[in-house]
Amino acid sequence: MEALDLELDAGELELPAEPMHLNMGPSHPAMHGTVRIVLELSGETIVKADVQIGYLHRGFEKMCERGTWAQVFPYVDRLNYVSPMLNNVGYALAVEKLCGLSVPDRCQWYRMALGELARISDHLTCDGAMAMELGAFTPFLWFVKAREMVWDILEEETGARLTHSFGRIGGMAEPPTPDFKGLCRAGLPKILDLVEEGERMLLRNRIFLDRLENVGAISRADAIALGWTGPCLRATGVPYDIRKAHPYLKYDEVDFDVPVGTKGDTLDRFLVRLGEIRQSKRIIEQVLERMPDEGPLNCDDPRVVLPDKMAVYTTIEATIQHFKLIMEGARVPSGEVYSYTEGGNGELGYYLVSDGSGTPYRVRIRPPCFQITGGLSKILEGRMLSDIVPTFGSLNMIGGECDH
Amino acid sequence: MSQLVLEKLRQRFGTAILETHAHFGDDTAVVDAGMWRTVGQFLCDDPDLDFDMPIDLCGVDYPERVPRMEVVLHLYSIAKAHRVRLKTRVGDADMAGAELDSLVSIWPGLDWLEREVFDMSGVRFRGHPDLRRILMYPEFEGHPLQRTYPADKTQPLVAYRSEAEAGTPLEKLEPFGPDEGMPFGRGGLPRVAEDI
C-alpha cells in the first residue's frame with residue numbers, strides 16, 4: 001500500500017484567511033470560572049485578546065458602606081480567598097492607621113506568623129494549579145496536600161480553614177493557642193518536604209519547562225507602568241517588596257531575602273513564588289523564636305476593642321461598651337488614609353475615608369491582581385493560543401479580589 | 001523627603017494646586033480638574049519625582065458637595081520609593097460635566113482603573129482608548145458607587161420568576177431593604193473630632 005499523505009501538499013483546500021474569533025471562558029477550567037478572554041486568532045497566533053472580568057463582582061465596596069468598620073472583616077476574607085489572613089491583617093492595619101493605634105508586640109508577631117502561613121498557601125495554590133492546568137496533576141496534589149497542612153494550623157488557630165474573619169481593629173480575635181508554636185515547628189518541615197518533592201517533579205520535566213520558558217515575558221519598564229506588584233513584578237528583576245521597602249509590623253526585625261527573576265517570563269514567576277515559600281518559612285521560624293508566650297494581644301483602647309467576655313456578663317459598663325461597639329460600631333476619627341501591605345499577589349492597599357461615624361464612608365481596596373490581569377492582554381498578543389493557560393495561571397488571578 | 005513632592009507641585013503649579021495636606025503621613029494634593037493631565041505628566045517626567053507606577057484610582061462621592069465626585073489617584077515611584085495621592089473634583093449634583101482627561105498615555109496601567117471609575121462612579125475620561133464598563137455588564141444602568149444609587153436596587157438581566165409563573169410559593173428572601181443594615185451608622189451621632 002502506498003502512503004496516503006503524499007498528495008496532501010498539492011491539495012486544493014484553501015483555508016479562510018480572515019481572523020477567527022474564539023471565546024475562552026468564563027466556564028473554562030483554566031479561566032478559574034471567572035474570566036472571559038475574547039480572542040482574535042490568525043491560525044493559532046493571538047492577534048488581539050480582550051480580557052473581560054466582572055463575573056464575580058459582588059459589590060464589596062458598596063456593601064462596606066452599610067455596616068460598621070468591624071463588619072468589613074468577613075467581606076475582606078472573601079476577596080482573596082486563598083490567603084484571607086493577609087487581607088484581614090491588611091484591613092486591620094489600615095483602620096488602625098486611621099485610629100492612630102499600634103497593636104502590642106505579641107500581636108504583631110502573631111499577625112506576621114499567620115500572614116506568612118497564608119502567603120505559603122497562596123503561592124502553593126498558584127504554582128500547583130498552574131502545574132495542573134498544564135497536565136501535571138501529581139505535583140498539584142502534593143502542593144494541595146502541603147496547603148492542607150497550612151490550613152490545618154490556621155484552622156486550629158482560628159476555627160475556620162478558609163474564611164477566618166480573624167482580624168480585629170486593634171488586635172486579633174483570639175490569642176495564639178498554646179500549641180501554635182509546636183504546630184508550626186512540626187508542620188513547616190513537612191510542608192517544605194512536599195514542596196521540594198513537587199518541585200523535583202516539575203523542574204526536571206522538559207515539557208513543563210518548555211511551556212514556561214520565555215512565555216508571557218514582560219519587561220521591567222512595562223511591568224512598572226502597568227502597576228504590577230508582587231511576585232509578577234519581582235520576576236522581572238525589580239526587588240520591590242513592601243515588607244522590605246516600607247516595613248510594617250516587625251518585618252524590619254527579621255532576616256529574609258527577596259527572590260527576584262531575570263526575564264519576567266512565566267518560569268520566573270513560578271520560581272519566584274517557590275522562593276518566597278522558603279523565605280516565608282524562614283520568617284515564621286524567626287517569628288516563633290521571638291513571639292512572647294505571655295502578654296497582652298489586643299490594644300488597651302476601649303473605643304475600638306471589645307471588652308473581656310467575663311466582664312460583659314458581670315458588669316454594666318462592659319455590657320454597654322460591648323453593645324455600643326457592636327451596634328454602633330467603633331467610632332473611627334474622620335479623615336482618609338491609604339495603607340498598603342504585601343499580599344500574596346502584590347501590593348494590597350486599602351484607601352479608607354471616614355466621616356467620624358461608626359460606618360465607613362468609603363472603603364476602597366486596591367486588589368493587586370486587578371492591574372496584573374489588566375496587563376494580561378499585552379503579554380498574550382503575538383503568542384500562541386496554548387500559551388494562554390500557563391501565562392494566565394502564573395498571574396494568580398483571584399476572582400474575588402479582581403472583581404471586587 | 002516627604003514634603004518634597006508637595007513643595008515641588010506648589011512651586012510649579014501655584015494656584016492650580018487647590019490644597020495639600022499630609023494627614024497620617026500620606027502626602028495629598030488636590031488639583032484643579034483642568035490641570036489633571038498636566039500635573040500627571042509632570043509627576044511622571046520630573047526626574048526628582050519620577051512617579052513611574054500607577055497604584056490606584058478610585059472615585060469618592062460626596063452628593064452634598066459641588067463638585068461632587070472626588071477622583072483619587074495614588075502613585076508610587078520605584079526608584080525614589082515615595083508616594084503621593086493626587087485628587088481632583090468633578091461633576092455637579094447630577095454628575096453633569098464629570099469629565100477628566102485620561103492618563104492612560106502616561107501610565108498604561110490606568111487603562112482598567114479608569115474604566116472601573118467610569119463604571120462604578122460615572123466619571124468619563126476624555127481620550128481613553130476603550131471606555132467600556134468593566135465590572136458590571138453592558139446593559140447595566142447607573143453607577144453603583146454613587147451614593148445616590150440605592151444599595152438594594154437590582155437589575156436582573158433575566159426577570160425574577162413570579163409566584164404565578166412558578167405555580168408554587170417562592171419563599172425567597174427579598175434583597176435587603178433600605179432600613180436594614182446599620183440604621184444609626186451615619187447621621188444622628190456627633191462626629192469624632194478631626195484630629196485625635
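User: Happy to start with a backbone oddity. In this predicted model, is A:S165 buried, partly exposed or exposed, and how many other C-beta atoms lie within 10 Å?
Analyst: A:S165 sits in the loop between α5 (137–158) and β4 (167–168) of chain A. Its phi is positive, about 45 degrees, although the residue is not a glycine. A residue needs 20 or more other C-beta atoms within 10 Å to count as buried and 12 or fewer to count as exposed. A:S165 therefore falls in between as partly exposed, and its count is 19.

User: Nice. What about A:L249: is that residue buried or exposed?
Analyst: A:L249 also has a positive phi, near 45 degrees, in a residue other than glycine. Its place is the loop between α10 (242–245) and α11 (266–290) of chain A. The cut-off for burial is 20 or more other C-beta atoms within 10 Å. A:L249 has 21, so the class is buried.

User: Which residue in the turn between β2(A) and β3(A) has a positive phi?
Analyst: Strands β2 (residues 36–42) and β3 (residues 45–52) of chain A run antiparallel and share 7 bridges. At the turn end, A:S42 stands opposite A:T45. That leaves a hairpin with 2 residues between the strands, and the one with a positive phi, about 65 degrees, is A:G43.

User: Let's move along the chain to β7(A). How many of its residues are buried?
Analyst: β7(A) has a partner in β6(A), antiparallel over 8 bridges, and another in β8(A), antiparallel over 5 bridges. One of the facing pairs sets A:Y350 opposite A:I365 in β8(A). The strand is mostly covered, and the buried count out of 8 residues is 7.

User: And which residue in the hairpin of β6(A) and β7(A) takes a positive phi?
Analyst: Within this antiparallel pair, A:G335 has A:S354 as its bridge partner in β7(A). The hairpin has 4 residues between the strands, and the one with a positive phi, near 140 degrees, is A:G346.

User: Which residue follows α16(A) with a positive phi?
Analyst: Helix α16 spans residues 388–395 of chain A, and 8 of its 8 residues are buried. Among them are A:I388, A:F392 and A:L395. Just after the helix, phi turns positive, near 55 degrees, at A:N396.

User: Where does chain A touch chain B, and how many polar residues are on chain A's side?
Analyst: The contact takes 45 residues from chain A and 36 from chain B. Elements giving two or more residues to chain A's side include α3 (84–99), β6 (335–342), β7 (347–354) and β8 (362–366). Chain A's side divides into 14 nonpolar and 13 charged residues, with the polar count at 18.

User: Over in chain B, what omega does the cis peptide bond between B:V66 and B:P67 have?
Analyst: B:P67 lies in the loop between β3 (53–61) and β4 (69–76) of chain B. The bond joining B:V66 to B:P67 is cis, with omega about -10 degrees.

User: One for the modeller in me: over which residues of chain B does pLDDT stay under 50?
Analyst: The model scores ipTM 0.87 and pTM 0.89. Chain B averages a pLDDT of 82, and 86% of the residues score at least 70. The stretch with pLDDT under 50, for which the model has 22 contacts beyond four places in sequence, is residues 183–196.

Methods: Residues numbered from 1 in each chain as written. Chains lettered and ligands numbered in written order. Predicted model: local features only at pLDDT ≥ 70, side-chain atom pairs only at ≥ 80, totals over all residues. Contact = placed C-beta atoms within 7 Å. Nonpolar A, V, L, I, M, F, W, Y, C, P; charged D, E, K, R; others polar. Pairing = 2+ DSSP bridges. pLDDT = per-residue confidence, 0-100.
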